[in-house]
Amino acid sequence: MYLKKLYLRAFRNYLEEEVEFSAQKTILVGNNAQGKSNLLEAVELLATLKSHRTSRDQELVLDGAASGQIKALLERQYSVAELEIDLRRSGRRNLRINQNQCRRQLDFLGCLNAVEFSCLDLDLVRGAPDCRRQWLDTLLTQLEPLYAHILAQYQHIVKQRNALLKSLRQQWETGLALGEELSASLELWDQQLVEMGTRMARRRARGLARLAPLAQEWHGRISGGNETLTVTYQPNVIWEGDDPDVVHEAFLARLAQRRSAELHLGATVVGPHRDEVGFVIDETPARTYGSQGQQRTLVLALKLAELSLIETVIGEPPLLLLDDVLAELDLDRQGQLLMAIEDRFQTLITTTHLNRFDDRWRRSAQILQVNGGQLDERWPSEID
């Protein structure tokens with residue numbers, strides 16, 4: 001998988017720029033707030049249709065413009081594809097593959113695969129549970145684009161069910177019995193919640209089961225074998241095995257058990273939106289007790305494990321997007337990361353200082369100077 005060209009129009013601070021990638025590694029160098037991260041964000045959108053920085057398309061469009069565009073030319077093992085995303089300040093975005101309109105987001109997902117690693121990823125360890133759920137959901141969407149549809153359906157069901165529970169709360173608190181019509185409505189949403197929740201939870205469990213040993217292996221290498229990482233799925237609904245009927249029954253039992261709590265709170269408290277992912281280093285929870293160095297090692301191991309897993313599942317190495325992470329890592333961890341990359345993955349990496357890379361790395365990479373949303377290529381004679 002190789003990203004040949006990227007074209008940006010009215011995207012973030014880019015008025016109109018096109019870049020042709022000429023090396024397996026591209027270093028984007030420039031001061032802060034010049035547009036380095038914005039370029040990586042465009043590639044992230046092509047891969048996942050989401051940005052980890054915003055959920056609103058109007059924030060992605062250049063100030064003063066009504067719309068923006070991202071276009072890319074992608075070479076894969078057996079095909080070449082032109083990908084386009086049209087973004088609007090108001091209205092829905094348009095997606096095209098080879099100039100053909102995509103009717104569903106699902107048709108676009110999976111064309112390009114990428115793993116992003118930024119300084120914000122420490123929230124994977126230190127942040128709230130929803131940070132870890134979003135990380136896992138993004139990974140699963142790349143492994144199986146259908147998961148994005150399941151996730152969207154589940155989120156819609158929870159939203160509608162919450163609205164119903166909220167309307168029932170006052171009636172419940174005053175001691176009035178629920179009418180047959182309202183009871184039937186709640187039962188209908190229960191069935192849909194259980195169906196989609198079961199599909200989500202089983203996929204999360206299977207995905208983490210495949211990722212965990214890879215992360216553990218990478219963590220051992222980076223830490224010099226001095227620490228052991230354990231990654232666990234901690235579902236809100238607990239079950240044994242992978243039988244959908246078993247998960248379904250466990251879900252129904254949990255709903256019945258928590259019915260009074262849901263009516264009292266006016267919100268859905270059962271389901272994958274309450275799941276957690278546990279990271280433990282040598283039997284100590286990383287979130288609570290891990291040092292900053294341990295937490296950075298953990299996140300680096302997770303990202304390298306993501307690369308390995310996606311490559312195994314899709315049969316091609318994904319792109320690697322590194323957003324100013326070298327400044328966050330000590331020299332040993334920098335060395336482990338750069339050694340793991342080598343020429344195996346096409347890598348786009350941002351930095352404020354080229355001296356973070358050794359001479360061999362700099363001379364084998366394409367170097368782009370980023371200044372105010374404009375790109376200028378630097379040549380080897382300009383690097384020293």
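Contact here means heavy atoms within 4.5 Å. The model is predicted.

**Exercise 1. Place Thr351 and list its contacts.**

Task: Find the element that holds Thr351, decide whether Thr351 is buried or exposed, and name the residues Thr351 touches beyond four places in sequence.

Solution:
- Step 1. Locate the residue. Thr351 belongs to strand E13, residues 347-351.
- Step 2. Check the accessibility. The relative accessible area of Thr351 is 1%. Buried means under 20%, so Thr351 is buried.
- Step 3. Collect the contacts. Leaving out residues up to four places away, Thr351 touches Ile27, Leu28, Val29, Gly30, Lys36, Asp324, Arg356 and Phe357.
- Step 4. Follow one of these partners, Phe357. Phe357 is buried, and so is Trp361.

**Exercise 2. Examine two positive phi values.**

Task: For Ala10 and Asp282, give phi, then the location and the burial of each residue.

Solution:
- Step 1. Recall the background. Most residues other than glycine have a negative phi.
- Step 2. Read the angles. Phi of Ala10 is near 50°. Asp282, not a glycine either, has a positive phi of about 50°.
- Step 3. Locate Ala10. Ala10 lies in strand E1, residues 2-11. With a relative accessible area of 5%, Ala10 is buried.
- Step 4. Locate Asp282. Asp282 sits in the loop between strand E10 (276-281) and strand E11 (284-285). Its relative accessibility is 40%, so Asp282 counts as partly exposed.

**Exercise 3. Draw the sheet of E9, E10 and E11.**

Task: Give the strand order and the sense of pairing, then state which strands stand at the edges and which helix packs on the sheet.

Solution:
- Step 1. Set the order. The three strands run E9-E10-E11 in an open sheet, with antiparallel pairing.
- Step 2. Find the edges. E9 (229-234) and E11 each have a single partner strand, so one side of each has no neighbour in the sheet.
- Step 3. Check E10 against E11. Two bridges join these antiparallel strands. Val280 stands opposite Pro285 in E11.
- Step 4. Add the helix. H10 (residues 292-314) packs on the sheet and touches E9 and E10. The directions of H10 and E10 make about 120°.

**Exercise 4. Analyse strand E8.**

Task: Work out how many residues of E8 are buried, and describe its pairing with E12.

Solution:
- Step 1. Count. Five of the five residues of E8 (114-118) are buried.
- Step 2. Split the faces. In a regular strand the side chains alternate between the two faces of the sheet. In E8, Ala114, Glu116 and Ser118 lie on one side, Val115 and Phe117 on the other, and both faces are covered.
- Step 3. Pair the strand. E8 and E12 (residues 319-323) are parallel, over five bridges. Ser118 stands opposite Asp323 in E12.

**Exercise 5. Classify the ring geometry.**

Task: State how many aromatic pairs there are, classify Tyr233 with Trp239 and Phe357 with Trp361, then find charges over rings.

Solution:
- Step 1. Count. Rings pair if their centres lie within 6.5 Å. The count is three aromatic pairs.
- Step 2. Take Tyr233 and Trp239. Their ring centres are 6.3 Å apart and the planes meet at 70°, so the pair is edge-to-face. Tyr233 is buried at 17%, and Trp239 is buried at 13%.
- Step 3. Take Phe357 and Trp361. The centres are 5.4 Å apart and the planes at 25°, so this pair is stacked.
- Step 4. Look for charges. Lys71 lies over the face of Tyr7, 5.9 Å from the ring centre. The charged end of Arg221 sits over the ring of Trp218, 4.1 Å from its centre.

**Exercise 6. Describe the nonpolar cores.**

Task: Find how many residues the largest nonpolar core has, which helix gives the largest share, and what Trp135 touches.

Solution:
- Step 1. Size the core. The largest nonpolar core has 76 residues. Trp135, Val231, Leu302 and Leu337 have the most contacts inside it.
- Step 2. Assign the share. Helix H6 (residues 180-222) supplies the largest share, 13 residues.
- Step 3. Expand Trp135. Beyond four places in sequence, its contacts are Leu124, Leu208, Leu211, Val277, Phe279, Leu302, Lys303 and Glu306.
- Step 4. Look elsewhere. Another core, of 44 residues, lies apart from this one; Tyr2, Leu8, Ala42 and Leu95 are among its members.

Note on methods. Residues numbered from 1 in each chain as written. Predicted model: local features only at pLDDT ≥ 70, side-chain atom pairs only at ≥ 80, totals over all residues. Heavy atoms only, no water. Helix = DSSP H or I, 4+ residues; strand = E, 2+ residues; numbered from the N terminus. Buried < 20%, exposed > 50% of the residue type's maximum accessible area, 1.4 Å probe, protein only. Pairing = 2+ DSSP bridges. Axes fitted to C-alpha atoms, helices over the stretch in contact; angles between N-to-C directions. Phe/Tyr/Trp six-rings, centres within 6.5 Å; stacked < 30°, edge-to-face > 60°. Lys NZ or Arg CZ within 6 Å of the ring centre and 35° of its normal. Core = buried A, V, L, I, M, F, W, Y, C linked by side-chain atoms within 4.5 Å.
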